[in-house]
Amino acid sequence: MIQVGLLTEVQKDELQGQWYAPDSYFNPIQDVNDNWIISQEEMQQNVNPSFDWVRDLPLIPYEPKPTPPPFK
Amino acid sequence: MANSNGWGDGASNNNIGWGKGADNAIGWGSIQADSWAGATDIVGTPAVDPDAQAFITAAAITDPTQQSAINTLVTNLKGYNIWTKMKALYPFVGGTSSTHKFNLKDPRNLDAAFRLVFNGGWTHSSTGATPNGTNAYADTKLNPLLTLSQNSTHISFYSRTNTDGNTSDIGLKSTGSGYTMIQAKYSNVFTAHVNEFYVFADHSSNTNGQGFYVGNRTGASVRNNWKNGSKVHTSSSPSQTQANFNFFVGALNNAGPASAYSNRQCAFASIGDGLTDAESANFYTAVQAFQTTLNRNV
């Protein structure tokens, strides 16, 4: 099971549109339970000092939303 | 007598020489006509193609093998008369996001040059860029409605990963449900659509998700799909108006947000005009030679 970092609503708003590595940007998404999450790649590769806290996010199992049509 | 540079001055002891004279200013890349000896057939190391050099400079590619591979790719694409049909070429060489982002066709660090912007979790390495299949995509900034023709468009994706997934490797969807996308392998089929409605049955069998995939439209009712230089599917699906969104790599631009996240490693991708059958086959030859030089061919 893939593990992802769990965000609060406020943390999600802080990360949207922000870079975590050169030419790479955070992309918070919602899982099937509407939790906001980011990937471990973003947590581990982050070099933006404004967001050092992402390394300490709690990990939860990733449960994706169903893929929208026609990919179902 | 021999020149101090050691290559000769065209005197009797030197019928095959590189030099022009004692004050030889002619370098390795000079043309044969500039050589001193009339019988000279050897013309030194070929000059680097200026378009290849522009990319090498922008992406700061220092590895000689990678430089050579890029140069050969560009000269081959030009030799096959494919180069001018390309709007975006992503060779994913150099091993980092800062090198993978550049469009070989226009290597400026600008949205207007269709330079990639990576979002979500990617892993970059010498073999390509791997999206995590969870939230990763790259925005090409290339809007087909502004850049391409409805009945002449191709997209390509070089997959180094053999996975089966309900995902999109490169593509977008319009608000009117028109798709342009490649799905390398899902339920053991390869699906590609170009400016048309999605029809799952309009596909070809595929038991290995690795390979070089091309979706190609050359007419209002002519679309064909290619894998590894072979035409594997032909469709008469009628074309629809192009989507007014940007192409995403590693996912589908689902009329705005990303979805259908893929986990297949990308070692090359392109977006451009439609290709003839001969051009499609030659395109694979050029791209596969590029991957082979980089020792990452599948």
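**A walk through chain B and its contact with chain A**

Leaving aside neighbours within four places in sequence, B:T140 is in contact with B:Y90, B:F114, B:R115, B:L116, B:N246, B:F247, B:V249 and B:I271. Let us start from this threonine, keeping in mind that we are looking at a predicted model. B:T140 sits in the loop between β5 (137-139) and α4 (144-147) of chain B. Is this loop residue buried or exposed? With a relative accessibility of 0%, B:T140 counts as buried, because the cut-off for that class is under 20%. The side chain of B:T140 also has polar partners in the backbone: one of its polar atoms lies 3.0 Å from the backbone nitrogen of B:L142, and a polar atom of the same side chain lies 2.8 Å from the backbone oxygen of B:F247. B:F247 therefore appears both in the list of contacts and in this polar pairing, where the distance falls within the 3.5 Å limit for a polar contact.

Now step back to the chain as a whole. Chain B is built from five helices and 17 strands. Of its 298 residues, 55% count as buried. If you take the contacts in chain B between residues at least 6 apart in sequence, 59% of them join residues at least 24 apart.

A good guide to the interior is helix α5 of chain B, which covers residues 277-293. This helix has 17 residues and spans 25 Å from its first C-alpha to its last, close to the 24 Å expected at 1.5 Å a residue. Which residues of α5(B) are buried? They are B:E279, B:S280, B:F283, B:Y284, B:A286, B:V287, B:Q288, B:F290 and B:Q291. As you follow that list, it helps to recall that an α-helix has 3.6 residues a turn, so residues three or four places apart point the same way. The buried residues of α5(B) pack against α2 (64-79) and against the strands β1 (86-90), β6 (153-159), β11 (211-219), β12 (222-227) and β17 (266-272) of chain B. After the helix comes B:N295, whose phi is positive, near 60°.

The helix also leads us into the nonpolar interior. The largest nonpolar core has 30 residues, and B:I70, B:F268 and B:F283 have the most contacts inside it. Elements giving two or more residues to this core are α1 (50-59), α2, β1, β11, β17 and α5 of chain B. A second, separate core has 27 residues, among them B:F114, B:L116, B:A129 and B:A269. Two of these names should be familiar, since B:F114 and B:L116 are also contacts of B:T140. As for B:F283, its contacts beyond four places in sequence are B:L77, B:I82, B:M86, B:H154, B:S156, B:F212, B:V214, B:F268, B:S270 and B:L275.

Two serines in loops deserve a stop on the way out. B:S177 is found in the loop between β7 (170-173) and β8 of chain B, and its phi is near 70°. B:S187 lies in the loop between β8 and β9 (189-197), with a phi near 55°. Why look at these angles? Most residues other than glycine have a negative phi. B:S177 counts as partly exposed at 33% relative accessibility, and B:S187 is likewise partly exposed, with 44%.

Strand β8 brings us to the partner chain. Here 26 residues of chain B are in contact with 23 residues of chain A. The area buried between the two chains is about 1,800 Å², and carbon and sulfur atoms give 50% of it. On the chain B side, B:T134, B:N135 and B:N166 lose the most area to chain A, together 27% of what that side buries. How many salt bridges cross this interface? The rule finds one, and a salt bridge joins the side chains of A:D23 and B:K101 at 2.8 Å, N to O. The rule also finds 12 residue pairs in polar contact across the interface. In chain B, α3 (97-100), β2 (117-119), β3 (122-125), β8 (178-186) and β15 (252-254) each supply at least two residues to the side that touches chain A. β8(B) gives the most, with four residues.

We finish in chain A itself. A:A21 lies in strand β2 (residues 19-21) of that chain and counts as buried at 9% relative accessibility. Beyond four places in sequence, A:A21 is in contact with A:Q45 and A:V47. The C-alpha atoms of A:A21 and A:N48 are separated by 6.7 Å, although the two residues are 27 apart along the chain.

Key
Residues numbered from 1 in each chain as written. Chains lettered and ligands numbered in written order. Predicted model: local features only at pLDDT ≥ 70, side-chain atom pairs only at ≥ 80, totals over all residues. Heavy atoms only, no water. Expected span 1.5 Å × (residues − 1). Buried < 20%, exposed > 50% of the residue type's maximum accessible area, 1.4 Å probe, protein only. Contact = heavy atoms within 4.5 Å. Core = buried A, V, L, I, M, F, W, Y, C linked by side-chain atoms within 4.5 Å. Buried area = accessible area lost by both parts, 1.4 Å probe. Salt bridge = Lys/Arg side-chain N within 4 Å of Asp/Glu carboxyl O. Polar contact = N/O pair within 3.5 Å; in protein donor to acceptor, adjacent residues only side chain to side chain.
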